[in-house]
Amino acid sequence: MNKLKAIILVGLFVLKATAQTNTNELVDNSKKELKYIGMPVGGICAGQVYLGGDGQLWYWDIFNVAMISPGNEGGHRYYENPLTQEQKFENGFGLTVQQGGRVYKKNLNSKGFSDIQFEGEYPVGKVVYNDARLPVSATLNAFTPFIPTDADNSGLPVTVLEYTVTNTDIEDVEVELAGWLQNMSSYWSVEGKKGKHTNKIISTDKFIRLVCESDEKFKDELPDWGTMSLTLVDEGKATANAVKENGSSIYTVNKEEKEASISLGNKLVGSVSGNAILKPGESKTFTFHLSWYFPNIHLWNGAHHWKNKENLRHYYTSKFNSAGDVSDYLLKNNWLLETTKNWNSTWYDSSLPKWFLDRTFVNVSTLATTASVRFNDLKDTPESEGRFYTYEGVYLGEGTCTHVFHYEQAMGRVFPNLSRQLREQTDLGLSFDKSGIIKYRGEFSGLGRHDGRGFAIDGHAGTVMRIYREHLMSSDKTFLKKNWKKIKKSIQVMIAQDKEKTGRADGILEGKQYNTLDRTWYGKITWISGLYAASLKAGAEMAKEMGDKRFANTCKKIAQKSFKNISKELFNGEYFIQKTDPKHPEAPNTNIGCHTDQLLGQYWATQTGLGDILPKEKVKKSLQSIMKYNFVENYGDYLDKAEIPVKRYYADKNEQGVIMCTFPKGGTDKAPGIIKNDWEKLVIGYFSEIWTGQEHQLAATLISEGLVEEAMKVEKAVHDRYAPSKRNPYNEIEYGNHYTRAMSGYAPFVSASGFTYHGPNGIIGFDPKINPENFKSAFIAAEGWGSFSQQISNEKQVCQLQLNYGRLKLKELNLVTNAISIDVVVLLNKKKMNATYSVKNKQLKVKFESIELKTTDILEIIIN
């Protein structure tokens with residue numbers, strides 16, 4: 001039996017890790033253990049294609065035909081029985097090697113090679129192929145254009161595959177690298193239809209291309225009508241009708257046919273190949289574009305009944321008319337590929353542990369799955385054109401659900417323009433009620449078991465926080481100015497609820513509080529009122545910038561009351577609790593339980609640089625209590641004793657994780673409220689579940705409060721549960737695959753670098769929490785990205801900001817220093833700049849005249 005190896009980049013596939021580890025580990029695996037790996041390698045909101053651990057492409061969900069059933073009562077079946085690599089149609093790549101009369105034919109996957117190494121660095125998957133019997137080795141880099149801050153160019157329906165073949169022998173070898181693709185245009189919906197699949201070959205002096213298409217008459221009728229293309233960026237040969245040679249599993253180009261057709265529903269495979277003669281030690285790279293164009297998202301059987309659905313198509317159709325157009329665009333814009341590699345290098349050129357870098361970025365890939373879509377409106381309706389929409393998880397959960405998606409930091413930080421567009425089109429547009437309520441599921445807000453208003457209070461408050469983040473991640477104040485009236489109203493509606501009981505706001509919400517735990521709660525609930533408190537602080541800052549001093553003062557005063565009253569009424573000496581409403585015994589609650597999300601408001605406050613919403617010492621004590629009571633070494637042991645049973649499992653019984661809510665002081669008898677049906681019985685079981693979206697936000701807050709070791713323990717538990725020997729490292733599951741709450745996974749990275757940013761004011765800051773004396777990590781701003789580094793010695797502190805892409809407008813750089821008496825020198829590209837600085841409580845503010853950094857510029861701060 002062949003043996004396979006997966007390279008375990010102490011990240012996605014690590015077995016051991018510490019905060020200081022930044023090395024690779026090689027772990028031997030059988031083919032069985034590689035079968036789960038599936039890295040999304042298509043554009044964001046362009047469908048879903050996985051790169052397998054052996055380099056085989058699989059899970060092709062690009063045809064507007066659902067490829068899986070979404071799951072059972074919560075989708076946990078895909079945690080317990082993960083998807084495995086399968087091939088539903090003919091596609092692949094193969095290598096033919098000739099030397100001295102000997103001919104070797106090998107598939108570039110586990111069927112062909114005995115020694116395979118996989119290294120996953122999203123968005124780039126790297127595969128190495130070796131075989132002691134062959135005179136060559138091969139490597140694959142597979143990716144799609146991915147450029148932070150540029151959602152459009154990161155949303156192309158294409159996978160780029162760069163195969164490099166190296167002669168490892170002492171004699172010349174001749175190599176041919178072939179790729180093949182079955183015509184899938186109108187294939188899945190063929191029943192009862194008469195027509196043809198047609199393959200065509202297009203050849204120029206720059207490329208050779210296979211085009212797969214079907215009859216134009218199905219253009220508006222079938223969900224999977226469209227085109228695919230396989231382009232070799234080089235001279236080569238191709239056939240529209242490829243066959244396998246006897247004894248081979250490779251579709252080679254034996255006879256060059258320019259065009260071939262077959263009746264719908266039958267197999268038609270085309271092939272494209274390039275060749276080279278390699279001298280000893282010489283290498284040749286073969287670059288392929290595998291692109292697709294299947295416009296009819298409105299006919300997708302996994303589609304929701306979106307507003308204007310009949311006019312909606314995939315967003316990429318606003319830029320392209322065929323799969324070949326996509327490849328042509330890449331050929332004209334090779335900088336997209338180079339910039340993607342630049343980002344990959346920027347992200348991983350870091351002092352942070354490799355496994356941590358992997359885990360905190362993998363959930364960005366959820367944007368490149370069918371959990372995320374984007375629309376082209378044929379009538380260019382402003383509320384729909386370019387609109388972004390997410391399911392809660394693949395195929396499950398309507399409406400870009402606020403109470404789930406507000407946990408995310410990945411999209412807001414990596415693609416800030418797209419996030420602003422989501423706020424304007426959906427949260428402040430389609431979902432916005434004249435009362436100020438931001439409804440929780442867009443046009444589907446009438447669905448669910450809410451309180452009748454389509455209002456999820458946690459999602460509403462969290463969306464106010466996202467609005468503030470989107471303002472911070474802007475280059476100017478246009479977004480804030482344009483939307484201020486609605487933003488203000490969305491905060492006022494929470495203040496009005498605060499006043500309902502006594503006529504005065506005390507900083508603690510009461511009354512109806514429908515939330516992400518899928519029932520309506522009542523009482524004084526720390527995690528919800530904490531979100532309210534954070535929203536008040538954000539409101540005060542935004543009002544101040546808008547010159548609305550009166551409202552800024554109102555928000556500030558109520559936030560101060562929140563600080564005082566939540567601390568006084570809801571802290572039990574160890575952690576923050578809920579006070580239930582005796583008038584509503586039917587309502588579920590955590591009462592005196594220890595809830596993992598109790599500091600969700602603090603999470604948002606630290607992610608947006610707003611400081612403390614609660615006393616720091618009580619926040620830290622609560623975090624320590626969550627680790628004490630909720631972090632479990634063995635989930636099975638906990639469940640054996642749990643008084644609240646679960647029906648959904650997002651951790652195996654022998655795995656570590658953080659329980660949503662434990663009851664160390666009792667209270668499980670009151671927690672369910674009054675259960676009237678099976679649904680209510682199911683959702684109360686959430687308390688004993690483990691959700692990665694909560695674990696990531698907890699880890700981020702732990703880091704921000706200096707509890708780094710505890711945070712790494714939490715993140716490592718997630719990481720180990722998603723080891724490739726168990727399940728797909730790129731698919732964190734809750735209610736469905738690629739669950740969007742898990743996009744909070746980017747937050748621990750923000751906390752680790754202590755990143756703060758206010759684009760409109762030109763302010764950026766760093767306060768590294770992990771190895772600050774020798775630190776380096778990436779950063780993303782409104783219009784560009786780069787890296788920040790810091791070295792501290794007894795003599796001086798040197799901080800360097802290098803821009804690797806785009807531009808960055810700056811007036812102020814904030815740092816942390818332990819120096820008492822200091823002198824600060826500021827250099828831009830090694831030339832001294834005039835600057836002023838001040839230090840207070842170790843916070844160093846360096847100010848200078850407004851500058852705009854461009855690509856490759858380096859700003860250096862030397863503190864003596």
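This is a short tour of a predicted model, stop by stop, with what to select and what you'll find there.

**The whole chain**

Start zoomed out, with a cartoon of everything. You're looking at 19 helices and 42 strands. The radius of gyration is 28 Å, close to the 29 Å that the globule rule gives for 864 residues, so the protein is as compact as a globular protein of that length. Line the view up with the principal axes and the C-alpha atoms fill a box of roughly 85 × 70 × 55 Å.

Now switch on a surface. The accessible area comes to about 30,600 Å², and carbon and sulfur atoms own 46% of that. Of the 864 residues, 64% count as buried. If you draw the contacts with a separation of 6 or more, 71% of them link residues 24 or more positions apart. Colour by charge next: there are 107 positive and 100 negative side chains, and the centres of the two sets lie 6 Å apart.

**Gly393 and the 735-739 stretch**

Select Gly393, in the loop between β24 (388-390) and α6 (402-405). Is Gly393 buried or exposed? Its relative accessibility is 0%, so Gly393 counts as buried. Show what surrounds it: leaving out residues up to four places away in sequence, Gly393 touches Ala371, Tyr735, Gly736, Asn737, His738 and Tyr739. Put a distance label between the C-alpha atoms of Gly393 and Tyr739 and you'll get 4.2 Å, for two residues 346 apart in sequence.

Stay here and pick His738, one of those contacts of Gly393. His738 sits in the loop between α18 (708-721) and α19 (747-753). Check the backbone: phi is positive, about 50°, although His738 is not a glycine. That's worth a glance, since most residues other than glycine have a negative phi. His738 is at 1% relative accessibility, so it counts as buried too.

**Another positive phi: Asp518**

Jump to Asp518, in the loop between β25 (513-514) and β26 (520-521). Asp518 is not a glycine either, yet it has a positive phi of about 65°. With 12% relative accessibility, Asp518 falls under the 20% cut-off and so counts as buried.

**A cis peptide at Tyr122-Pro123**

Next, select Tyr122 and Pro123 and look at the bond between them. The peptide is cis, with omega about 15°. Most peptide bonds are trans. Pro123 is in the loop between β8 (115-121) and β9 (124-130).

**Thr463 in helix α9**

Move on to Thr463, which belongs to helix α9 (residues 457-472). Thr463 is buried, at 0% relative accessible area. Which residues does Thr463 contact, leaving aside its neighbours within four places in sequence? They are Thr402, His406, Arg423, Asp427 and Ile438. Then label the C-alpha distance from Thr463 to Ser535: the two are 72 residues apart along the chain and separated by 8.9 Å.

**Last stop: the cysteines**

Finish by showing the cysteine sulfurs. How many disulfides does the structure hold? Zero. Cys594 makes a good example: its nearest cysteine sulfur, that of Cys661, is 7.0 Å away, and Cys594 is in no disulfide. A disulfide needs the two sulfurs within 2.5 Å. Cys594 is at 0% relative accessibility, so it counts as buried. Select Cys212 as well; with 0% relative accessibility, Cys212 also counts as buried.

Notes. Residues are numbered from 1 along each chain as its sequence is written. This is a predicted model: local features need pLDDT of at least 70, side-chain atom pairs count only at pLDDT 80 or more; totals for chains, interfaces and linings use all residues. Side-chain values use heavy atoms; hydrogens and water are left out. Buried means under 20% relative accessible area, exposed over 50%, partly exposed in between (1.4 Å probe, protein chains only). Helices (H or I, at least four residues) and strands (E, at least two) are DSSP runs, numbered from the N terminus. The radius of gyration is taken over C-alpha atoms; the globule rule is 2.2 Å times the number of residues to the power 0.38. Contact means heavy atoms within 4.5 Å. Accessible areas come from the Shrake-Rupley method with a 1.4 Å probe; for residues, only the protein chains shown count as cover. Lys and Arg count as positive and Asp and Glu as negative; His and the chain ends are not counted. The place of a charge is taken as NZ of Lys, CZ of Arg, CG of Asp or CD of Glu.
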